[in-house]
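Grab a pencil and work through these exercises with the model open beside you. Each task is followed by its solution.

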Amino acid sequence: MKTLTLEINEQAYPQIIQFLRLLSEEQCRIIEDEEDTLTADEISRIHAIRAKQMTSKDSDFDDWADIRDTL
């Protein structure tokens, strides 16, 4: 599976969630609040990647497999 992170406004959120819930669990796993489902170490790694992503050039993230393997 691939992971998709979205940051959307409150108005669009219910419609996006409603659409995603139409998909089967084999097609889509919804993680609404990552703090409830991930370990503290996983959350820390995600925040570090997001911080680096905000301060780095996009070329630092060309190979998703390398990033994913660090999670």
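Helices (H or I, at least four residues) and strands (E, at least two) are DSSP runs, numbered from the N terminus. Residues count from 1 along each chain as its sequence is written. Since you're looking at a predicted model, local features need pLDDT of at least 70 and side-chain atom pairs count only at pLDDT 80 or more, while totals for chains, interfaces and linings use all residues.

**Exercise 1.** Work out how many helices and strands the protein has, and which elements have the lowest and highest mean pLDDT.

*Solution.* Start with the tally: 4 helices and 0 strands. Read from the N terminus, that gives α-α-α-α. Next, confidence (pLDDT is the predictor's confidence in each residue, from 0 to 100): helix α2 (residues 34-37) sits lowest with a mean of 59, and α1 highest with 92. Finally, the protein's mean pLDDT is 77, with 72% of its residues at 70 or more.

**Exercise 2.** Place Ile16 in its element, then decide whether Ile16 is buried, partly exposed or exposed.

*Solution.* First, Ile16 belongs to helix α1, which covers residues 13-21. Now the cut-offs: buried is under 20% relative accessible area, exposed is over 50%, and partly exposed lies in between (1.4 Å probe, protein chains only). Ile16 has 31% relative accessibility, so Ile16 is partly exposed. For the wider picture, buried residues are 10% of the 71 in the protein.

**Exercise 3.** Find what share of contacts (heavy atoms within 4.5 Å) between residues at least 6 apart in sequence join residues at least 24 apart.

*Solution.* Take the contacts in the protein between residues at least 6 apart; of these, 26% join residues at least 24 apart.

Conventions:
Side-chain values use heavy atoms; hydrogens and water are left out.
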